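Please open the model in your viewer, with the sequence panel beside it, and keep the selection tool ready. The tour goes from one selection to the next and says what is found at each.

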Amino acid sequence: MSETNFQHNLAKKAYEISYALFRIAAVVKRRALADHFENQALLLLTHTIGEDYMKSSVTAAAIEYLVKFGEDLGLVNSENGRLLASELRAFHAAIAEFENSAKAEAID
């Protein structure tokens, strides 16, 4: 099966987000939160590569809340949190655009 441009770009974005989460987890002082970051990063990659974009979107939302939670606790650098939130919004937007185009094609 050939990978479309969309699939490639979304997988690349999921990889970048996951990589960033692992980097953040490496410096988080609370192991429980760091473990959650790592688990969610792996889920994001798994769902995205598996083309389960609904689960990818839900996982991305969970990551966004976890990172914000880490920021509020003073465990995640606010600049890192802001950058990651921006990447997650772009990830969500790409999925929403893909779903809208798929619905339009179904109607045609």
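The stops below begin with the whole chain, continue through pairs of helices, and end with the core and two single residues.

**The whole chain.** Begin with everything shown as a cartoon, bearing in mind that this is a predicted model. The protein chain has four helices and zero strands, and read along the sequence it follows the pattern α-α-α-α. Its C-alpha trace spans about 50 × 25 × 20 Å along the principal axes. If you colour by accessibility, buried residues should come to 31% of the 108 residues in the chain. Among contacts between residues at least 6 apart in sequence, 63% join residues at least 24 apart.

**α1 with α2.** Next select residues 5–27, which form helix α1, together with residues 31–49, which form helix α2. These two pack at an angle of about 170°, with their axes 9 Å apart, which makes α1 roughly antiparallel to α2. To see the contact, show side chains on the α1 side, including L10, A14, I17, L21 and I24, and on the α2 side, including A34, F37, A41, L44 and L45. By class, the residues of this contact divide into 16 nonpolar, two polar and two charged.

**α2 with α3.** Keep α2 and add helix α3, residues 53–72. Here the packing angle is about 160° and the axes are 9 Å apart, so α2 and α3 are roughly antiparallel to each other, and their crossing is left-handed. From α2 the contact draws on residues among them L33, H36, F37, Q40 and H47, which meet α3 residues including Y53, K55, T59, I63 and V67. This contact has eleven nonpolar, seven polar and one charged residues.

**H47.** While α2 is on screen, select H47, whose place is in that helix. Is this residue buried or exposed? H47 has a relative accessible area of 15%, and because buried means under 20%, it counts as buried. Leaving aside its neighbours within four places in sequence, H47 is in contact with D52, K55, S56 and T59.

**α1 with α3.** Now hide α2 and bring α1 back beside α3. The two helices pack at an angle of about 25°, with their axes 12 Å apart, which makes α1 roughly parallel to α3. The crossing of α1 and α3 is left-handed. Select F6, Q7, L10 and L21 of α1 and Y53, I63 and V67 of α3, since these residues make the contact. They divide into six nonpolar, one polar and no charged.

**The core.** Restore all four helices and turn to the largest nonpolar core, which has 23 residues. Which of its residues touch the most other members? They are L21, V28, F37, L44, V67, L84 and F91. Helices α1, α2, α3 and α4 (78–107) each supply at least two residues of this core, and α1 gives the most, with seven. In soluble globular proteins, nonpolar side chains tend to be buried together.

**L84.** For the last selection, centre the view on L84, one of the core residues just named. Leaving aside neighbours within four places in sequence, L84 is in contact with I17, A20, L21, I24 and V67. Two of these contacts are worth colouring separately, L21 and V67, for both are also among the residues that touch the most other members of the core, and both take part in the contact of α1 with α3.

How values were computed. Residues are numbered from 1 along each chain as its sequence is written. This is a predicted model: local features need pLDDT of at least 70, side-chain atom pairs count only at pLDDT 80 or more; totals for chains, interfaces and linings use all residues. Side-chain values use heavy atoms; hydrogens and water are left out. Axes are lines fitted to C-alpha atoms, for helices over the stretch in contact, and angles run from 0 to 180 degrees between N-to-C directions. Angles under 35 degrees count as roughly parallel, over 145 as roughly antiparallel, 65 to 115 as roughly perpendicular and the rest as oblique. A crossing is left-handed if the near helix is turned anticlockwise from the far one by less than a right angle, and right-handed if clockwise. Contact means heavy atoms within 4.5 Å. Ala, Val, Leu, Ile, Met, Phe, Trp, Tyr, Cys and Pro count as nonpolar, Asp, Glu, Lys and Arg as charged, and the others, Gly among them, as polar. A nonpolar core is a set of buried Ala, Val, Leu, Ile, Met, Phe, Trp, Tyr and Cys residues joined through side-chain atoms within 4.5 Å. Buried means under 20% relative accessible area, exposed over 50%, partly exposed in between (1.4 Å probe, protein chains only).
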